[in-house]
Amino acid sequence: ETFALLLPALRHRQWFIRKFSAEVLSYLVRQLPTESLPDHVETILAAAALPDAAPGVRASAHEKTRAELTEGLGLLLFETVRGVQHGFHSRLPILIAELLPALDAIPAACLG
């Protein structure tokens, strides 16, 4: 799946690579058929809940990677709903209808 291939780029240490990856993926998310959108929204949100750092990884390095991933996923969602001329994309209502229930299902402990 394309999302799994671009996930490392969404958490890349260089901000411009995260931004470009979010722009590329946002185009693909907007082109998805409405019926497959819930699965992809769940995949995006599941990526934010990646497991904790592997043994031997410094805590500060893990926190930085998690912050970069969070920023990359936030950019992806932003670029997905961003339209032209400072407006919203026409798929915003469909995406919000899928995103809000998925966010509501996340336990409060996972939200930090």
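**Helix packing in an all-helical predicted model**

Helix H3, which spans residues 37–48, and helix H5, which spans residues 92–104, pack at an angle of about 50°, and their axes lie 10 Å apart. An angle counts as oblique when it falls outside the ranges that are called roughly parallel, roughly antiparallel or roughly perpendicular, and H3 and H5 are therefore oblique to each other. The crossing of these two helices, H3 and H5, is right-handed. On the side of H3 the contact is formed by Leu-37, Pro-38, Val-41 and Leu-45, while H5 contributes Ile-94, Leu-95, Glu-98, Leu-99, Ala-102 and Leu-103. Sorted by class, the residues of the contact of H3 with H5 comprise 9 nonpolar, no polar and 1 charged. Since Glu counts as charged, the charged member of this contact is Glu-98 of H5.

The coordinates described here belong to a predicted model, and it helps to place this pair of helices within the whole. The protein has 5 helices and 0 strands, so that, read from the N terminus on, its elements run α-α-α-α-α. Of the 112 residues in the protein, 30% are buried. The protein exposes about 7400 Å², and carbon and sulfur atoms supply 63% of that area. When contacts in the protein are restricted to residues at least 6 apart in sequence, 64% of them join residues at least 24 apart.

A second packing arrangement is found between helix H1, residues 2–10, and helix H2, residues 15–30, which pack at an angle of about 155° with their axes 8 Å apart. Because an angle over 145 degrees counts as roughly antiparallel, H1 is roughly antiparallel to H2. The crossing of H1 and H2 is left-handed, whereas that of H3 and H5 is right-handed. From H1, the residues that make the contact are Thr-2, Phe-3, Leu-6, Ala-9 and Leu-10, and from H2 they are Ile-17, Arg-18, Ser-21, Ala-22, Val-24, Leu-25 and Leu-28. These residues of the contact of H1 with H2 divide into 9 nonpolar, 2 polar and 1 charged.

One of the residues in that contact, Ser-21, can be followed more closely. Ser-21 is found in helix H2, and, if residues up to four places away in sequence are not counted, Ser-21 touches Ala-9 and Leu-10, both of which are listed among the H1 residues of the contact. What is the relative accessible area of Ser-21, and is the residue buried or exposed? The value for Ser-21 is 4%, and because buried means under 20% relative accessible area, Ser-21 is buried.

The loop between helix H4, residues 59–81, and H5 offers a contrasting view, beginning with Gln-85, which has its place there. Gln-85 is not a glycine, although its phi is positive, at about 50°. His-86 also has its place in the loop between H4 and H5, and the phi of His-86, a residue other than glycine, is likewise positive, with a value near 60°. Are these residues buried or exposed? Exposed means over 50% relative accessible area; Gln-85, with a relative accessible area of 75%, is therefore exposed, and His-86, at 88% relative accessibility, counts as exposed too.

Terms used:
Residues numbered from 1 in each chain as written. Predicted model: local features only at pLDDT ≥ 70, side-chain atom pairs only at ≥ 80, totals over all residues. Heavy atoms only, no water. Axes fitted to C-alpha atoms, helices over the stretch in contact; angles between N-to-C directions. Helix = DSSP H or I, 4+ residues; strand = E, 2+ residues; numbered from the N terminus. Parallel < 35°, antiparallel > 145°, perpendicular 65-115°, else oblique. Left-handed = near helix turned anticlockwise from the far one by under 90°. Contact = heavy atoms within 4.5 Å. Buried < 20%, exposed > 50% of the residue type's maximum accessible area, 1.4 Å probe, protein only. Areas by Shrake-Rupley, 256 points an atom, 1.4 Å probe, with all protein chains shown as cover.
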